[in-house]
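Here are a few exercises to work through with the model open beside you. Try each one before reading its solution.

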Amino acid sequence: GVGVVCGLITSPEYSMKKLLGSGMQKIFTITKVFRNREEFGGTHNPEFSMLEWYVQGEGYQACMDETEALLKALARVFKKTLPDFERSRVRDLFLEKVGIDLDQESKQLLSDACDRLNIHTDPSDTESDLFYRLFLEKVEPFLGKHPVFVYDYPKHQAALSRMTEDGLYGERFELYLNGLELCNGFTELTDAKEQKRRFEEEANERRDLGKIVFPIDEELLRLLPS
């Protein structure tokens with residue numbers, strides 16, 4: 001017999017970034033992606049179509065402008081009108097809804113906030129886990145029905161994004177509409193050394209939690225400036 005192994009991608013991100021590293025300036029893709037190890041809460045399918053695009057030299061504020069323009073144009077096709085999108089920093093939302101200042105964020109600060117607000121925690125929780133427990137319980141449900149960009153996430157949520165000038169937050173945003181997250185975007189990190197450090201940090205965390213540790217994409221690192 002003949003065996004066939006199919007790789008179902010979770011995102012086209014790395015492949016597209018390699019194209020950018022090879023010199024392309026403005027690219028997009030619409031492709032099927034697959035997620036089978038995430039909690040969807042009844043609002044997403046494990047298989048869905050994703051639009052992803054990149055523009056060399058642009059930051060996350062410009063990407064928010066483009067995203068807003070795209071959705072307003074799509075709404076007009078269906079004879080709908082969207083209001084101007086709001087923009088809220090994660091720090092401001094946590095000050096208002098959780099009562100803590102993420103400028104002084106620590107695992108203990110987040111854990112204490114969970115205790116104060118009667119939010120369940122687990123001894124295995126990381127700083128990222130505690131942040132999301134608070135976000136999902138005390139912030140996300142109160143974002144409202146109007147479209148809002150939530151931006152500047154703590155450094156442990158920076159993913160592949162560049163840091164803000166103060167070094168405390170990743171230049172990353174998520175768009176919410178009717179309380180549902182629609183997309184994720186950020187200013188790309190282009191420092192190969194910093195990116196490798198983040199990859200290694202993520203791998204160590206996954207190893208400590210007994211999760212599958214994926215190999216670092218050395219080709220992607222090679223295409224980033226050193």
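**Exercise 1.** Work out the accessible surface of the chain and the share that belongs to carbon and sulfur atoms.

*Solution.* The surface comes to about 14,100 Å² (Shrake-Rupley method, 1.4 Å probe). Carbon and sulfur atoms account for 51% of that. Keep in mind that this is a predicted model, where local features need pLDDT of at least 70, side-chain atom pairs count only at pLDDT 80 or more, and totals for chains, interfaces and linings use all residues. Residues are numbered from 1 along each chain as its sequence is written, and side-chain values use heavy atoms, with hydrogens and water left out.

**Exercise 2.** Place T164 and decide: buried or exposed?

*Solution.* Start with the backbone: T164 sits in the loop between β4 (148–154) and β5 (169–177); strands here are DSSP E runs of at least two residues, numbered from the N terminus. Next, accessibility: T164 is buried because its relative accessibility is 12% (buried means under 20%, exposed over 50%, with a 1.4 Å probe and protein chains only). Then look at partners. Setting aside neighbours within four places in sequence, T164 is in contact (heavy atoms within 4.5 Å) with Y60, D152, Y169 and E171.

**Exercise 3.** Find the residues that touch the most other members of the largest nonpolar core.

*Solution.* Such a core joins buried Ala, Val, Leu, Ile, Met, Phe, Trp, Tyr and Cys residues through side-chain atoms within 4.5 Å. This one has 21 residues, and F94, I100, L102, F131, L134, F135 and V150 touch the most other members. Its largest share, 5 residues, comes from α5.

How values were computed
Helices (H or I, at least four residues) and strands (E, at least two) are DSSP runs, numbered from the N terminus.
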